[in-house]
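Here are a few worked exercises to go through with the model open beside you. Try each task on your own before you read the solution.

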Amino acid sequence: MFRPTYPIRTARLTLRPVTLDDLDDVYAYQRRADVVRWMLDAEPRTREQSRASVLAMAGEDALRAEGDCLVR
């Protein structure tokens with residue numbers, strides 16, 4: 001398993017795990033039709049759908065198995 005040490009910082013960027021505190025920001029882009037058209041499921045999301053998305057992303061903090069991804 002690969003688990004990065006967070007936060008990961010560069011001169012211009014800080015990467016850290018997603019938390020439920022990010023819900024407002026995630027919902028702000030997931031509800032926009034002009035943004036989600038580039039996402040896999042191309043429908044704007046409700047706040048509750050965005051909450052489920054944030055909870056799923058919050059668990060993506062390590063590579064545990066083939067096909068896992070890190071979302072930050």
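**Exercise 1.** In which segment is Pro7 found?

*Solution.* Start with the ground rules. This is a predicted model, in which local features need pLDDT of at least 70, side-chain atom pairs count only at pLDDT 80 or more, and totals for chains, interfaces and linings use all residues. Residues are numbered from 1 along each chain as its sequence is written, and side-chain values use heavy atoms, with hydrogens and water left out.

Now find the proline: Pro7 sits in the segment before strand E1 (8-9). Helices (H or I, at least four residues) and strands (E, at least two) are DSSP runs, numbered from the N terminus. Then check the peptide bond from Tyr6 to Pro7, which is cis, with omega near -5°.

**Exercise 2.** Work out the overall layout of the chain.

*Solution.* Count the elements: the chain has three helices and two strands. Put in sequence order, they give the pattern β-β-α-α-α. For the dimensions, the C-alpha trace spans about 35 × 30 × 20 Å along its principal axes.

Next, look at burial. Of the 72 residues in the chain, 21% are buried; buried means under 20% relative accessible area, exposed over 50%, and partly exposed in between (1.4 Å probe, protein chains only). Finish with contacts (heavy atoms within 4.5 Å): among those in the chain with a separation of 6 or more, 44% come from residues 24 or more positions apart.

**Exercise 3.** Describe helix H3 and find the side it buries.

*Solution.* Begin with length. H3 runs over residues 47-58, so to speak twelve residues, and reaches 16 Å from its first C-alpha to its last, close to the 16 Å expected at 1.5 Å a residue. That expected span is 1.5 Å times one less than the number of residues.

Then list what is buried: Ser50, Ser53, Val54 and Met57. Looking down the axis of H3, these buried residues fall within an arc of 100°, so they line one face of the helix. The arc is that of the directions from the helix axis to the C-beta atoms. As background, an α-helix has 3.6 residues a turn, so residues three or four places apart point the same way.

What covers that face? The cover for the buried residues of H3 includes helix H1 (23-30).

**Exercise 4.** Repeat the analysis for H1, then zoom in on Ser50.

*Solution.* In H1 the buried residues are Leu23, Val26, Tyr27 and Gln30. Their arc around the axis is only 100°, which puts them on the same side of H1. They pack against helix H2 (33-36) and H3.

Ser50 belongs to helix H3, and it counts as buried because its relative accessibility is 0%. Leaving out residues up to four places away in sequence, Ser50 touches Leu23, Val26, Tyr27, Gln30 and Arg45.

One more position to look at is Thr46, in the loop between H2 and H3. Thr46 is partly exposed, with a relative accessible area of 43%. The C-alpha atoms of Thr46 and Tyr27 are separated by 7.7 Å, with their positions 19 residues apart along the chain.

**Exercise 5.** Track down the salt bridges.

*Solution.* The structure holds five salt bridges, each a side-chain nitrogen of Lys or Arg within 4 Å of a carboxyl oxygen of Asp or Glu.

- Arg3 and Asp61 meet at 3.1 Å, N to O. The pair links distant parts of the chain, with Arg3 in the segment before E1 and Asp61 in the segment after H3, 58 residues apart. Arg3 is partly exposed at 44% relative accessible area, whereas Asp61 is buried at 16%.
- Arg3, Asp61 and Arg64 are linked in a network of salt bridges.
- Asp22 pairs with Arg16, the closest N and O atoms being 2.6 Å apart. Asp22 is buried, with a relative accessible area of 11%, while Arg16 is partly exposed at 41%.
- Arg32 and Asp34 meet at 2.5 Å, N to O. Arg32 is partly exposed at 41%, and Asp34 is partly exposed at 44%.
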